[in-house]
Amino acid sequence: LPEGCTTRDMARDQARAMELLGIEKASIFGVSMGGMIAQWLAIDHPEQVDRLVLAVTSAEPNPILTESIGEWTSLARAGDSTGFMKSNLRRMYSEDYCRKNLWLAPILGRLTKPKSYDRFYIQAAACLTHDAASALGRITAPTLVIGAAQDKALGCEASRELAAAIPNARLHIYPQWGHGLYEEAKDFLGVVTEFLEK
């Protein structure tokens with residue numbers, strides 16, 4: 001990614017990729033940062049978006065997201081890959097999941113440590129500068145917003161705000177899961193598929 005690349009730039013790239021692949025229109029499913037990119041795709045390229053699913057994402061940075069990214073960036077700059085993985089586990093998953101899998105953090109930290117965190121820093125900056133809040137009313141695609149009441153990465157209020165700002169959006173909140181609900185909630189894909197098939 002080039003330095004300074006924004007979520008809107010990434011959405012433009014996605015739109016161009018769809019054109020090159022001959023995909024005129026598609027259902028778009030964006031999770032977390034992918035949801036930020038999906039928002040701009042639906043705003044700037046409405047003719048390419050049939051239906052839209054936005055899961056555990058936000059229209060703009062909030063204090064929880066800013067704190068999360070700040071913590072991850074500090075750990076990355078310190079070269080603390082184990083601490084980075086532990087923080088991700090704690091902020092992404094349920095307490096039960098963390099208890100069962102925290103022992104994996106040092107192993108995952110060693111196995112997944114990148115040669116450089118440069119790409120992560122660019123993505124982190126893109127999340128911290130993402131601001132589609134004032135343009136959400138321009139989304140015309142039928143939209144499902146999925147949030148998690150235990151989300152420690154960006155909070156649940158972000159999902160409620162998205163659903164309120166997007167015309168006729170549906171909101172589905174999981175009370176027991178966190179940011180990683182797409183891995184923990186057994187019915188997650190069913191909820192998404194049901195919406196897309198209607």
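**Figure 1. Pairing of strand 3 with strand 4 in the predicted model.** Five bridges join strand 3, which spans residues 143-148, to strand 4, and the two strands pair in the parallel sense. One of the residues involved is Gly 147, whose bridge partner in strand 4 is Ile 173.

**Figure 2. Helix 8 against the sheet.** Helix 8, formed by residues 157-165, packs on the sheet and touches strand 2 (49-55), strand 3 and strand 4. The direction of helix 8 makes about 165° with that of strand 3.

**Figure 3. The open sheet of four strands.** The strands follow the order 1-2-3-4, with parallel pairing. Strand 1 (26-31) and strand 4 (170-174) stand at the edges; each has a single partner strand, so one side of each is left without a neighbour in the sheet. On average, neighbouring strands of this sheet are turned by 15° against each other, direction ignored.

**Figure 4. Buried and exposed residues of helix 10.** Within helix 10 (residues 188-197), the residues Phe 188, Val 191, Val 192 and Phe 195 are buried. Viewed down the axis of helix 10, these buried residues fall within an arc of 95°, and they therefore line one face of the helix. Leu 189 and Glu 197, on the other side of helix 10, are exposed.

**Figure 5. Packing partners of helix 10.** The buried residues of helix 10, including Phe 188 and Phe 195, pack against strand 1, strand 2, strand 3 and strand 4. These buried residues also pack against helix 9 (181-184).

How values were computed: Residues numbered from 1 in each chain as written. Predicted model: local features only at pLDDT ≥ 70, side-chain atom pairs only at ≥ 80, totals over all residues. Heavy atoms only, no water. Pairing = 2+ DSSP bridges. Axes fitted to C-alpha atoms, helices over the stretch in contact; angles between N-to-C directions. Contact = heavy atoms within 4.5 Å. Buried < 20%, exposed > 50% of the residue type's maximum accessible area, 1.4 Å probe, protein only. Arc of directions from axis to C-beta.
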